[in-house]
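Dear colleague,

Please find below the structure that I am handing over to you, with my findings set out after it. I would be grateful if you could read the two side by side.

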Amino acid sequence: MITAFVALDGRSVCTHAAVAAALGLGAAAKRPATLIRITGPGDARLGYHTTMPDTVELVEHAISSRAAGTLVDDAIAAARQQGRAVVLDLPARCLADGFCRPPSSTLAVVPVGPTALDERLAAAALQGLACLTARGGHGEEEGSSNAGGFEGEQRPMPAWLLGCGRSGGGPAVASFQAGMRATLMSAGGGHTPAQGAPPEARVLPITLPCLGRAEALSLIAGRPVPSVLRSTLLLAAALHAAAAAPSATGIDPAHFAAHVGAGDRTVVTCDGRSAPERLRDLADALQAIHDGLGPTPEELAAAPLLDDWTVEPRMVRALVGRSYDHPDFPSGRAVTTSEVYATDGRTYARTYSRLYRLGTSAQGAAASTH
């Protein structure tokens, strides 16, 4: 199985997805995978060959010459001989210049960042990519020969889209798909009959969440923490489901659940965000509301319905004590903090507003007087 992640806009999002796929495919099959990364002018190299040799073998080549296609062919052949899964991380220039053009059997995936601007840029790039592959590259007619590139070039299947930097399971996938469909339809308004219809929004049934620093470092080191490992395994299952239905316009949730090994699709699409992810999403939502930009009709359409509702006041966990060195109050003043989101009960408390150092609790002070 060869999976090609194509960076239509930037490289970091694409490389994140490619590394996650290589880890997930390797873990699912209990064997290492080979990640072949092609770099262009100005692209940074990953260069962590020695930190994860038993998980992912990294091969990097620069597209400074047409020999890059042959080098990639050789790397793929070597990986196949060893029974490895193959993941490609390609800049769009590889396809545009004809240096490294995967065969039609390759599963093409386009990672898309979390904002509407990412979706718009991806849609515009997909339009150009569709025209390019229809011509065969370099303005050639379809079926003509082309120097360089992979063996047996044919017109590739349409790419699958992967939402990145998003969280929330099934609702996030539905929102991403709706947004890409609307953007592709808008971008395709100027298409001529010769160019054909705009590309379809073929969306993988998962999203890759925005990673915290510790999570990202665990991914880069090839030793993902449990939350990241779950994402990589779900991505691997989504890629296998897509490879099993290469011409489908979408993946049935029940079919995807079967690839995951879950009997109920809700186990796969449930909202599994961590507390940091929820807070980042909350901050983004509050910023959009503050700016008068949300919630959008698309977000409302993808949101669950709450019927027969009432306002239910409830208490939130907060701390009461005397504050010192607070930016807003004199030292020694009794205050009630905002809602506590995290604390170890001994040394710190992180509230909605700020971080507090914890001194002696009132209960502890009372005990020390007896």
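Helix 7 (residues 226–244) lies across strand 1 (2–7), strand 5, strand 6 and strand 7, and runs at about 170° to strand 7. Helices (H or I, at least four residues) and strands (E, at least two) are DSSP runs, numbered from the N terminus. Axes are lines fitted to C-alpha atoms, for helices over the stretch in contact, and angles run from 0 to 180 degrees between N-to-C directions.

This is a predicted model, in which local features need pLDDT of at least 70 and side-chain atom pairs count only at pLDDT 80 or more, while totals for chains, interfaces and linings use all residues. Residues are numbered from 1 along each chain as its sequence is written, and side-chain values use heavy atoms, with hydrogens and water left out.

The parallel sheet

The strands crossed by helix 7 belong to an open sheet of 7 strands, paired in parallel and arranged in the order 3-2-4-1-5-6-7. Two strands pair if DSSP finds at least two bridges between them. The edges are strand 3 (56–62) and strand 7; each has a single partner strand, so one side of each is left without a neighbour in the sheet. On average, neighbouring strands of this sheet are turned by 25° against each other, direction ignored.

Strand 6 (residues 160–164) has the highest mean pLDDT among the elements of the chain, at 93; pLDDT is the predictor's confidence in each residue, from 0 to 100. Strand 6 runs parallel to strand 5 (residues 107–112), to which 4 bridges join it, and V109 has W160 as its bridge partner in strand 6. Another 3 bridges join strand 6 to strand 7 (residues 203–208), again in parallel, and here L161 has V203 as its partner in strand 7.

In a regular strand the side chains alternate between the two faces of the sheet. In strand 6, W160, L162 and C164 on one side and L161 and G163 on the other are all buried, that is, under 20% relative accessible area, where exposed means over 50% and partly exposed in between (1.4 Å probe, protein chains only). The count for strand 6 is thus 5 buried residues of 5.

The antiparallel sheet

A second region is an open sheet of 3 strands in the order 10-11-12, with antiparallel pairing. Strand 10 (340–343) and strand 12 (355–357) are at its edges with a single partner strand each, so one side of each is left without a neighbour in the sheet. The twist from one strand to the next averages 25°.

Strand 10 and strand 11 are joined antiparallel over 3 bridges, and T343 stands opposite A349 in strand 11. These two strands form a hairpin with 4 residues between them, and G345 in the turn has a positive phi of about 75°. Strand 11 (residues 348–351) also pairs with strand 12 over 3 bridges in the antiparallel sense, with A349 opposite Y356.

The loop between strands 8 and 9

Y356 also leads to H326, since a polar contact of 3.3 Å joins their side chains. A polar contact is a pair of N or O atoms within 3.5 Å; within protein, one must be able to donate a hydrogen and the other to accept it, and residues adjacent in sequence count only if both atoms are side-chain atoms. H326 lies in the loop between strand 8 (320–323) and strand 9 (333–336). Leaving aside residues up to four places away in sequence, H326 touches R354 and Y356, a contact meaning heavy atoms within 4.5 Å.

Is H326 buried or exposed, and what of D325? H326 is buried, because its relative accessible area is 11%, whereas D325 counts as exposed at 63% relative accessibility. D325 is placed in the same loop, between strand 8 and strand 9, and has a positive phi, near 65°, although it is a residue other than glycine.

The chain and its confidence

The chain has 12 helices and 12 strands, and 38% of its 370 residues are buried. Its average pLDDT is 78, and 78% of the residues score at least 70. Residues 135–156 stay under 50, although the model has 50 contacts beyond four places in sequence for them. Residues 189–195 are also below 50, with 6 contacts beyond near neighbours in sequence. Where pLDDT is low, the predicted coordinates should not be read in detail.

Yours sincerely
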